[in-house]
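Here is a short guided look at one protein chain, written for reading alongside the model. Keep the structure open and follow the residues as they come up.

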Amino acid sequence: MKKLIIMLLLSLLTMPSFARDYYIADKLFTYMHSGPSNQYRIIGSVDAGEKIQLIKSNKETGYSEVVDTRGRKGWVQNKFITSTESMASRLPRLEEELANVKQLLADAEKKTNQEKAGLVDSLNVRNKQISELETNYSEISQKLTTSQSEVRQLRAKLDTQEEDLLMKYFMYGGGVAFAGILFGMLLPHIVPKRKKSRSDWV
């Protein structure tokens, strides 16, 4: 009974752990032997970074029994087995992540370009509006200058007309006065003097 329990414990200790993945170390490939040493015949090779399943290890010989991705079972040296995910296994995922990042960057760049184009269009519209306002202001300023000049000319003309009118009034008044004086001087010579009658003497 004790022997049975001990055998069961030993079998449990030597059972492989399938919950954890193992890999052949990068930058090399190793031969797969039919037994737990290099004295056994070579049944194939396992590429660097290839994922394997660990069946059991033999610490005395330094070999472990594994199953590769093609279902082949054999023994490889322990030093070529690692629990670190290989570059060959990570590369597709890294390439996918890189592609996703590139796509995100492309989308961000596209959005930025669209926003930039919108800002440029808005700036062009503002510049056009400013240019139109400047043109309108220039036209209004020119019209105002012309109007002010016309107003000055009209005021000068009005002042001249007032002076002319005053001169005409003055000359008309002077003419009337002169005519009155002349008429007064001529009137005695025009109207004959009346002779006094005798009755005026009485």
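Strands E4 and E5 form a hairpin with four residues between the strands, and in it Gly-62 takes a positive phi near 75 degrees. Please keep in mind that this is a predicted model. E4 covers residues 51-58, and its pairing with E5 is antiparallel, over five bridges. If you would like one pair to look for, try Lys-56, whose bridge partner in E5 is Glu-65.

Now turn to the next hairpin, made by E5 and E6 with five residues between them. Here Gly-71, in the turn, has a positive phi of about 85 degrees. E6 spans residues 73-77, runs antiparallel to E5 and is joined to it by five bridges. Two places help you to line these strands up: Ser-64 has Val-76 as its bridge partner in E6, while Val-66 stands opposite Gly-74.

The table puts the two hairpins next to each other.

| Hairpin | Residues between the strands | Glycine and its positive phi |
|---|---|---|
| E4 and E5 | four residues | Gly-62, near 75 degrees |
| E5 and E6 | five residues | Gly-71, about 85 degrees |

How covered is strand E5 (residues 63-67)? It is mostly covered, with five of its five residues buried. Tyr-63, Glu-65 and Val-67 point one way from E5, Ser-64 and Val-66 point the other way, and all are buried.

Tyr-63 also leads us to another strand, since it is among the residues that His-33 touches. His-33 sits in strand E2, which covers residues 30-33. Is His-33 buried or exposed? Its relative accessible area is 8%, so His-33 is buried, the cut-off being under 20%. Leaving aside residues up to four places away in sequence, the contacts of His-33 are Asn-38, Tyr-40, Arg-41, Ile-42, Ile-43, Tyr-63, Gly-74 and Trp-75. Gly-74 is the residue you met above, opposite Val-66.

For a last stop, go to helix H2, which runs over residues 87-190 and contains Ile-181. Ile-181 has 53% relative accessibility and therefore counts as exposed, as that takes over 50%. Which residues form a nonpolar patch on the surface with Ile-181? They are Phe-178, Leu-182, Met-185, Leu-186 and Ile-190, and together with Ile-181 they have about 630 Å² of accessible area.

Definitions and conventions: Residues numbered from 1 in each chain as written. Predicted model: local features only at pLDDT ≥ 70, side-chain atom pairs only at ≥ 80, totals over all residues. Heavy atoms only, no water. Patch = residues over 30% accessible without salt bridge, like charges linked within 9 Å, V, L, I, M, F, W, Y side chains within 5 Å. Areas by Shrake-Rupley, 256 points an atom, 1.4 Å probe, with all protein chains shown as cover. Salt bridge = Lys/Arg side-chain N within 4 Å of Asp/Glu carboxyl O. Buried < 20%, exposed > 50% of the residue type's maximum accessible area, 1.4 Å probe, protein only. Contact = heavy atoms within 4.5 Å. Pairing = 2+ DSSP bridges.
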